[in-house]
Amino acid sequence: MSTPTENRPVTPSDGADAPALVLVGPPGSGKSTVGERLAAGLGVPMTDTDAVLAEQAGRSIGELFIDVGEERFRELEHAVVAEAFAHPGILVLGSGAVEGGTALLEQYRAQGGTVVFLDVSLAAGMPRVGLNAPRTVTLGSPRAQFSSMAEQRRPLYARHATAVIDTSGLGIDKVVDAVGKLFDKKLI
């Protein structure tokens with residue numbers, strides 16, 4: 001089994017059935033797209049907790065959030081996140097999953113896991129998610145909600161991160177390349 005190093009993501013020391021890398025960050029930071037590209041470049045599977053939750057619910061994340069309310073949504077999300085930490089490859093956490101997944105992230109990091117925080121500014125993130133995107137789980141002013149959620153969660157993202165990449169002015173290829181450097185691999 002690999003041992004943790006400062007510059008290389010490793011699978012936690014308790015077994016191969018754990019993510020090689022976890023991506024966290026606010027909506028619009030590129031987590032899902034970067035996760036797909038990383039997984040393809042490394043030849044590993046990818047688990048996107050929002051996609052799994054939507055598939056299980058048979059509706060979009062936004063619809064599920066509105067239909068069941070935030071408390072039930074977070075319970076369902078936590079169950080998906082807990083299960084996802086038992087799978088190898090790239091793990092992409094939904095933007096709010098850090099709030100209920102703190103203990104899981106701490107355990108993962110303590111075992112040598114790598115968490116990359118993909119950050120994004122409000123100005124860069126909002127156009128990426130769109131004001132009327134069906135996956136949006138906010139009501140009211142999307143800009144105000146986006147800003148509030150990002151500021152509330154940013155300390156959690158940073159606390160769990162082994163690396164931070166600001167994606168605001170970067171295209172996907174550059175972000176994938178930056179994360180790929182953690183693996184000492186060119187992925188694009």
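Rings of Phe, Tyr and Trp (its six-membered ring) pair if their centres lie within 6.5 Å. By this rule there are three aromatic pairs. The model is a predicted one. Its open sheet has five strands with parallel pairing.

**Sheet**
- The strand order is β2-β3-β1-β4-β5.
- Strands β2 (46–48) and β5 (163–166) stand at the edges. Each has a single partner strand, so one side of each lacks a neighbour in the sheet.
- From one strand to the next, the twist averages 20 degrees.

**Strands β1 and β3**
- Strand β1 covers residues 19–24 and strand β3 covers residues 89–92.
- The two pair in the parallel sense, over four bridges.
- Within this pairing, V22 stands opposite L91 in β3.

**Helix on the sheet**
- Helix α5 (residues 102–110) packs on the sheet.
- Helix α5 touches β1 and β4 (115–119).
- The direction of α5 makes about 135 degrees with that of β1.

**Aromatic pair F117 and Y157**
- The count of three aromatic pairs includes F117 with Y157, whose ring centres are 5.1 Å apart.
- Their planes stand at 40 degrees, so the pair is tilted. Stacked needs planes under 30 degrees apart, and edge-to-face needs over 60.
- F117 lies in strand β4 and Y157 in helix α7 (residues 142–160), so the pair ties together parts that are 40 residues apart in sequence.
- Both F117 and Y157 are buried.

Conventions: Residues numbered from 1 in each chain as written. Predicted model: local features only at pLDDT ≥ 70, side-chain atom pairs only at ≥ 80, totals over all residues. Heavy atoms only, no water. Pairing = 2+ DSSP bridges. Axes fitted to C-alpha atoms, helices over the stretch in contact; angles between N-to-C directions. Contact = heavy atoms within 4.5 Å. Buried < 20%, exposed > 50% of the residue type's maximum accessible area, 1.4 Å probe, protein only.
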